[in-house]
Amino acid sequence: MKKSLTIVYLIFALLAVKVNAQTWSGTIVYGKNSFGYLIKLGETEGQTTASFSSIEMNAYEIPCQNTTLNKDSLHFYVVSDYYTYEYQYIKQEERFRGDLKVYSNETEELLNSFETDLIRENIAESDMVEKQEFSFRSNNLILYGTLWKPKNPINKGLFFVTSSQGNDRSANNSEAKYFADLGFTVFNYDKRGTGKSEGDWKSATIEELSSDDMNAVRFFSKISTLPLSDIGIKGSSQGGVKIPYILSEMPQLGFGISISCPSGTLLESDLNRWKNLNSNHFGDTQIHQALKIQKAGFDFLAGNISYKSLLEAKDTNNNPDWLKYIWIPEQDVHKDYKLNFSGLPYFQKITQPLLVIQGLSDDVIPADSYRKIENALKKSNSKNYEVVTFENTNHSMSFVDDEFPFFQLVSPEYLPYLTDWLKTLTNK
C-alpha cells in the first residue's frame, strides 16, 4: 500500500481474543526524538478491529488488518512506502511490553529496533469528540463531510479547505481531531470526485473548487449555528492558494491559515519541484535547457500553448541522454487549467487576520514565496497578519531529520505555533 504526504497506511487484523473497546498508548524514543501513538481495539459483528492514531505522524484511526492478539501477546505490522514496522508485545501485568523492528521494503534488511510499551488508557465516551456525517449540495453535486463537535466548545469554528490531487477528508482527520480537542467545532469534507463525493476534481477549475469550499463553509455555519465571523478557514498547498481567494470572496469569515502556499502560479510550483527532483541529472547549462522543455510540457497541460509549440521546444533542445527525465504529455491529455492560478493578487484583497507558514526545506514551492506573500499582505487592509518560517520543515510540514529517518513526523514547531496563534484570536 502507498502512503499520502502525511498518513501511514497500516496492515492489521485481530484474531483469537474477544475485546471490548480499548485504547492503548505507546511512545517511540530515539535519542532526543520521540513520538506517541494510540492503538484502538474494538469488536464489530464478532470480529476484533483495530486502528492506529498519532498526531505526530498526522494519522487518525487508520484501519488495521492482519494483527494477532491473544491472551498474552499482541503482534502487528505497519507498512509505509519505504519501511515495514513490526510491533511485538508480551502482556505483563497491566501493560504490553515489546519492541519495534524497522525493515527496509527494498532490501528487507533490519535497519533498527526500538523498545516500546503499550499502556491502557481509560477514555470514557463522554470524553471523546463527537463526529457526525453530513451530505450537502454544491453546484449540482452531492458532497459529504464530517462535523467534529468538541466536548468543551469555545464557540469558534475551523473549516478545512480542500487541497490538490485525489485526497479526501481523511488527509486532515488527525488535525480535525486535534483542534476539536482544543474546543473548536471543525468541518472537513470530501472534495468533488474523492471519497464519497460526486463529481470530477480533475476537470474543475480553482474557482469551481473554491465555490464548493464556500458552499461547504456556509453549510458548516448552518449546522453548527456559528456565524461566519466565528469561523476560520485553513488550507495547505493548493488549499493554501485558495485561502486568500476565499477570504476575499467571503469577507464575513473570521480568519485564515495558509500553509505551504506558493507565491506564483501552481505551474511555477510544479516546475520548481521538477527542478529540485531532477537537477542532479543535469549540468548548469543543461538544466536551463531542460527547464525550457519541461515548462513547455506544463504549459501545454495548462492550455497555454499548442502541441506543435511543445514539440518545437522539445526538438530545439533535444538531448537523448537527459530527455528521459522530462515529462512530455500526450497530445490528448486532459487540460488542467488550475495550473495557471495564483493566489498572490488575492492576498492584497483580504481584510481578515491571516497566518502564513512556510517550511524552509520545502522543495515544491519557490523558496522566496513567503517574502512575496508578505509584501502583498502589506498592501492589504488586514490589520493582523503573520508570516513565519520553520527550519528543517518540508512541504507537508514534516520535519526533515537525517538522524531519525524511519518515521515521517510533523515539525515540532507546527501545531504549537498554530495553537498559540489561534489563542491570540479566541482570547480577544
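These are my notebook entries on salt bridges, one helix residue, a pocket and some strand pairings in a predicted model.

**Entry 1: salt bridges**

I started with the count of salt bridges, and the total came to 14. I then looked up several of them one by one.

The first pair I noted was D190 and R169, whose side chains meet in a salt bridge with N to O at 3.0 Å. I checked where the two residues sit. D190 is in the loop between β14 (185–189) and α2 (206–224), while R169 is in the loop between β13 (157–160) and α1 (173–181). The two are 21 residues apart, and the pair links distant parts of the chain. I also asked whether D190 and R169 are buried or exposed. Both D190 and R169 are buried.

Next I looked at K234, which forms a salt bridge with E175, and the closest N and O atoms are 3.0 Å apart. K234 belongs to strand β15 (residues 231–236) and E175 to helix α1, so this salt bridge ties together parts that are 59 residues apart in sequence. I wrote down that both K234 and E175 are buried.

The third pair was D213 and K242, with the closest N and O atoms of the salt bridge 2.7 Å apart. Which elements does this pair tie together? D213 lies in helix α2 and K242 in helix α3 (residues 238–249), so the salt bridge ties parts that are 29 residues apart in sequence. I looked up the accessibility of each partner. D213 has 1% relative accessibility and K242 has a relative accessible area of 0%. The cut-off for buried is under 20%, so D213 at 1% counts as buried. K242 is therefore buried as well, at 0%.

I also found a network of salt bridges, in which K40, E61 and K131 are linked.

**Entry 2: N278 in helix α4**

I turned to N278, which lies in helix α4 (residues 266–278). Why does N278 count as buried? Its relative accessibility is 12%, and buried means under 20%, so N278 falls on the buried side. I then looked for a partner of its side chain. A polar atom of the N278 side chain lies 2.9 Å from the backbone oxygen of W274.

**Entry 3: the second largest pocket**

I looked up the space in the second largest pocket and got about 530 Å³. Its lining is made up of 22 residues, and L38, S53, Y60, E61 and K177 lie nearest its centre. E61 I had already met in the network with K40 and K131.

Which elements give two or more residues to the lining of this second largest pocket? They are β3 (33–44), β4 (47–54), β5 (59–63), β11 (130–138) and α1. The largest share comes from α1, with 4 residues. I sorted the lining by class and noted 9 nonpolar, 5 polar and 8 charged residues.

**Entry 4: strands around β10**

Last, I followed strand β10 (residues 110–121) and its pairing. Strand β2 (residues 22–30) runs antiparallel to β10, and 3 bridges join the two. As an example, I noted that W24 has R120 in β10 as its bridge partner.

Strand β9 (residues 95–104) also pairs with β10 in the antiparallel sense, over 9 bridges. Here the bridge partner of F96 in β10 is L118. I looked at how β9 and β10 are joined. They form a hairpin with 5 residues between them. In the turn, E108 has a positive phi of about 65°.

Terms used:
Residues are numbered from 1 along each chain as its sequence is written. This is a predicted model: local features need pLDDT of at least 70, side-chain atom pairs count only at pLDDT 80 or more; totals for chains, interfaces and linings use all residues. Side-chain values use heavy atoms; hydrogens and water are left out. A salt bridge is a side-chain nitrogen of Lys or Arg within 4 Å of a carboxyl oxygen of Asp or Glu. Buried means under 20% relative accessible area, exposed over 50%, partly exposed in between (1.4 Å probe, protein chains only). A polar contact is a pair of N or O atoms within 3.5 Å; within protein, one must be able to donate a hydrogen and the other to accept it, and residues adjacent in sequence count only if both atoms are side-chain atoms. On a 1 Å grid over the protein atoms alone, a cavity is a set of points where a 1.4 Å probe fits but cannot get out, and a pocket is an open set with protein on both sides within 12 Å along at least five of seven lines; lining residues have an atom within 4 Å of a point. Grid points are joined across faces, edges and corners, and a volume is the space filled by probe spheres set on the points. Ala, Val, Leu, Ile, Met, Phe, Trp, Tyr, Cys and Pro count as nonpolar, Asp, Glu, Lys and Arg as charged, and the others, Gly among them, as polar. Two strands pair if DSSP finds at least two bridges between them.
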